[in-house]
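Here's a quick tour of one chain and the places where it meets its partner. Have the sequence and the 3D view open as you read.

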Amino acid sequence: MSRARLSRYSLWQFRDFAIDRGIAIVIIGFLLGYMTLEPIRRTMGAAFGLGAASPTWPLVISVASSVASLAVLIALNGMVSTDRKMGYYRFLFSKPVSPVAYYAQLFFVYMIGMLIAMLILSGVLYAVIPTFKIANFLLYAAIIYIAMGGIGFFVSVATRFDWVTLAAVWLGSRVLRDVYGPKPGWQSKAVEVLPPVHKLSTVSQSLITSGTADKSDVLWLLGYGALFFALGLLLLRRGSLAD
Amino acid sequence: MDSLPPTSNDSHPAALVIEFRNVGKTYRSLLGNSVKAVEEFSLQVGEGEILGIAGPNGAGKTTLIAMMLGYLRPTTGTVQIKGLPARRYVEQNGVGYLSELIAINPKWRADTALARYAMLAGIPETEIPAHVNTVIEKLGLEEHRNKKVKALSKGNLQRLGLAQALLREEEILVLDEPTHGLDPVWTQRFRDIVEELRRPDRTILIASHNLDELQRLADRVAIIDHGRLQRVVSTGYDQTHQAATRYRLTLVSGHERIRESFPEAEEAGKGEYDVTVSSIKELNAALADLMSRGALVASVVPERSVLEQQFREAIGESQ
């Protein structure tokens with residue numbers, strides 16, 4: 001009964017995503033792609049549309065994966081923390097609703113919304129580069145949503161400043177890994193437990209280009225995100241909604 | 001189920017509904033400073049009871065309610081509703097809750113906000129429009145139903161908050177500062193609504209600064225200060241109550257007789273006198289004596305309600 005009620009409410013959650021975030025993701029993603037790739041397309045002409053055979057292909061991959069990362073940040077921003085900050089939780093959860101189930105559903109509704117936004121943007125890219133594989137890109141977007149989004153979800157439950165914290169964790173992991181990863185000693189082992197940001201570039205390259213990627217890299221990314229998503233749910237269950 | 005002493009409206013022992021058992025809440029900052037918002041708070045609320053919670057600003061009223069709804073975890077003690085941990089009860093059954101801060105997404109429309117809450121409350125989809133229309137009509141929001149929440153005035157927002165709490169027939173209602181921002185007409189209307197909501201199987205908690213409101217609506221009032229329960233006051237008049245109370249008497253005639261019945265009466269002008277008595281019995285005996293001497297009494301008004309007097313004493317003691 002409660003589950004059926006909550007799944008009906010997912011339509012409202014999707015509507016909120018579309019209005020508050022989906023449109024913004026499409027506009028920002030389009031602008032980013034257009035401003036970066038259009039000048040190159042004009043210069044290169046037909047050679048630009050060759051896909052993986054084009055010398056500009058790594059740049060296309062880089063822009064596409066950046067748009068996906070940005071989309072995750074926009075989608076996840078304030079997912080839980082806004083309700084807590086603004087006090088919206090008070091009326092929502094005086095109803096017979098579990099916050100854990102509510103936000104778990106919200107996470108996946110937003111994932112669907114983000115993938116639809118990525119579908120629209122990759123459709124535009126496909127019109128310019130017919131060899132661009134939409135399905136490959138959507139698969140990558142889904143993986144990055146779980147990997148980055150899982151951590152973002154946890155951060156949104158744990159802190160009010162979620163997108164700043166997530167960006168800091170993401171960037172910090174990258175920098176620490178670059179600095180300490182190659183060095184011998186305990187530091188190189190310690191950075192292994194940081195979010196696997198470094199795996200994203202190799203996964204995005206191979207997944208968007210060929211639809212395949214190193215299985216262990218993908219599992220590491222998904223596992224890391226899933227673990228933090230589960231920790232976020234646990235924190236919701238055990239912690240307080242009010243401050 | 002445990003039972004409580006009878007409430008003023010019920011001759012049978014009331015079933016225990018809400019129980020705060022030795023509850024404490026301490027907030028700790030990152031710097032290690034701590035503030036005790038609630039301390040060793042124990043209280044039982046029975047079925048069919050309207051319990052008021054009164055206290056000055058920062059007394060801990062809202063913290064108590066947040067713990068009762070499971071939004072905050074107590075640092076010590078437990079809060080149970082019908083034998084279940086508070087949060088579990090709310091997740092399983094829901095409560096009608098009006099918070100002090102009306103926080104509804106400002107982009108939502110008033111009627112769709114209610115439809116969303118109705119869906120979460122478990123009202124069948126086909127019945128949602130009827131429930132929404134009923135509360136909109138009850139709270140006089142017809143002309144505002146299509147407005148966005150951000151376009152509503154403070155009073156209308158308060159009414160919308162109350163409307164979402166009344167969407168479903170809840171067994172427990174929790175109203176935190178319910179008349180805050182309401183005009184006098186809607187304040188009175190709110191009181192009528194609460195009277196209509198009184199039911200033997202419904203428990204209502206009202207937290208308010210407004211002692212007059214609690215005196216009128218509540219069966220008992222828990223007075224809290226500095227996070228501690230100071231006392232629980234029954235709002236009914238107790239004929240055995242011995243505390244000295246001042247009343248203002250208005251006489252139409254027989255002014256010259258007043259001091260024969262009330263030797264300490266002080267003239268307050270316009271035919272009014274302030275008298276102090278030690279009990280309701282003494283007041284009635286003196287009034288009967290005065291009237292037997294031919295005086296015509298127009299009104300007898302306590303200078304302070306029982307609650308106000310107890311509140312002043314309790315807060316004074318805790319300072």
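Two strands count as paired if DSSP finds at least two bridges between them. Keep that in mind for the hairpin below, and remember that this is a predicted model.

**Chain B overall**
- Chain B has 10 helices and 15 strands.
- Its C-alpha atoms fit in a box of roughly 70 × 50 × 45 Å along the principal axes.
- Of the 319 residues in chain B, 42% are buried.
- Take the contacts in chain B between residues at least 6 apart in sequence: 69% of them link residues at least 24 apart.

**A hairpin to look at**
- Strand E10 (residues 220-225) and strand E11 (residues 228-234) of chain B run antiparallel, with six bridges joining them.
- Across that pairing, B:Ile223 sits opposite B:Arg231 in E11(B).
- The two strands, E10(B) and E11(B), make a hairpin with two residues between them.
- In the turn you'll find B:His226, which has a positive phi of about 50°.
- As a general point for reading strands, side chains in a regular strand alternate between the two faces of the sheet.

**Where chain B meets chain A**
- The contact draws 25 residues from chain B and 19 residues from chain A.
- On the chain B side, the elements giving two or more residues are helix H2 (86-93) and helix H3 (110-120).
- Sorted by class, that side of chain B has 14 nonpolar, seven polar and four charged residues.

Key:
Residues numbered from 1 in each chain as written. Chains lettered and ligands numbered in written order. Predicted model: local features only at pLDDT ≥ 70, side-chain atom pairs only at ≥ 80, totals over all residues. Helix = DSSP H or I, 4+ residues; strand = E, 2+ residues; numbered from the N terminus. Buried ≥ 20, exposed ≤ 12 C-beta atoms within 10 Å, placed from the backbone. Contact = placed C-beta atoms within 7 Å. Nonpolar A, V, L, I, M, F, W, Y, C, P; charged D, E, K, R; others polar.
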